[in-house]
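Trainee: Could you walk me through this one? I have not looked at it before.

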Amino acid sequence: MIRIGIIIGSTRPNRVGEGVAKWVFDQTRKRTDAEFELVDIKDFNLPLLDEAIPPAMGQYSQPHTKRWAEKIATFDAFIFVSPEYNHGTSGALKNALDFLYKEWNNKVAGFVAYGSAGGTRAVEQLRLIMAELQIATVRSQVALSLITDFENFKTFKPADYHLGNLNTLIDQIISWGTAFKNLHQESGTIATPMKKPKITEERPTGIH
Ligand SMILES: Cc1cc2nc3c(=O)[nH]c(=O)nc-3n(C[C@H](O)[C@H](O)[C@H](O)COP(=O)(O)O)c2cc1C
């Protein structure tokens, strides 16, 4: 059985994201085909990235990085619950993603987002970031409207149809997450270290 982390992408006081993530978690209680855990980035007190060596090199030095890495390493897949800030995801979620590398690699993710346009612009941005972190993203997503799924933009009252999308999203994560499990276990989620390209006549390759 795979383990899925439901990651709360907002760390703001008065955030609505916590309620959304708890709704996602409540729906998973009825399922017996995967293990689920709520992960609050806020609990890890991550500062702005303060590692001297790029995370893809896998040499974490700070206690908060090691603690965050230990938690993320326990999961096979993720559901990111993301707000939309200025048409992107939150700085807090981007920073938490940037802190690690190998712990994300060869895993699977899906998205539950919210905003005036369902948080879709934040998710499009997240899908690009996931490609670099070597996380495969499933098609189904939950797009919650701040206007119709929240009262006064605060109290979360999702329309019933979102449950169908959420269950499809979870089905897809479990199916891909199970298929990917061997891949990230065999590779030990070890990322290929970045190498300085040789300067030759030819065009250098492998620059990220
Ligand atoms: C810095 C900032 C930028 C925002 N930009 C957008 C935006 O581009 N699109 C949108 O739909 N909502 C935007 N909003 C509104 C948020 O979607 C709304 O405040 C939501 O509650 C944020 O999620 P949170 O409460 O979980 O932090 C923005 C809010 C903040 C704080």
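**Strands, a helix and the sheet**

Mentor: Let us begin with strand E1, residues 3-8, which is mostly covered, since five of its six residues are buried. Please keep in mind that this is a predicted model.

Trainee: Which strand does E1 pair with over six bridges?

Mentor: That is strand E2, residues 35-40, and the two pair in the parallel sense; within this pairing, isoleucine 7 has valine 39 of E2 as its bridge partner. Between the two strands the chain passes through H1, and this β-α-β crossover is right-handed.

Trainee: And which residues of H1 are buried?

Mentor: They are Gly17, Val20, Ala21 and Val24. These residues lie on the same side of H1, because they cover an arc of only 95 degrees around the axis. In general, an α-helix has 3.6 residues a turn, so residues three or four places apart point the same way.

Trainee: Switching to the whole sheet, what order do the strands come in?

Mentor: The sheet is open, with five strands in the order E2-E1-E3-E4-E5 and parallel pairing. E2 and strand E5 (135-145) each have a single partner strand, so one side of each is left without a neighbour in the sheet. From one strand to the next, the twist averages 20 degrees.

Trainee: How many bridges link E3 to E4?

Mentor: Seven bridges join E3 to strand E4, residues 107-115, in the parallel sense, and alanine 77 stands opposite valine 108 in E4.

Trainee: Last one: which strands does helix H5 lie across?

Mentor: Helix H5, residues 161-186, lies across E1, E3, E4 and E5, and runs at about 165 degrees to E5.

Conventions
Residues are numbered from 1 along each chain as its sequence is written. This is a predicted model: local features need pLDDT of at least 70, side-chain atom pairs count only at pLDDT 80 or more; totals for chains, interfaces and linings use all residues. A residue is buried if 20 or more other C-beta atoms lie within 10 Å of its own, exposed if 12 or fewer, and partly exposed in between; C-beta atoms are placed from the backbone. Helices (H or I, at least four residues) and strands (E, at least two) are DSSP runs, numbered from the N terminus. The arc is that of the directions from the helix axis to the C-beta atoms. Two strands pair if DSSP finds at least two bridges between them. A crossover is right-handed if, with the strands pointing away from the viewer, the path from the first strand over the helix to the second runs clockwise. Axes are lines fitted to C-alpha atoms, for helices over the stretch in contact, and angles run from 0 to 180 degrees between N-to-C directions. Two residues are in contact if their C-beta atoms, placed from the backbone, lie within 7 Å.
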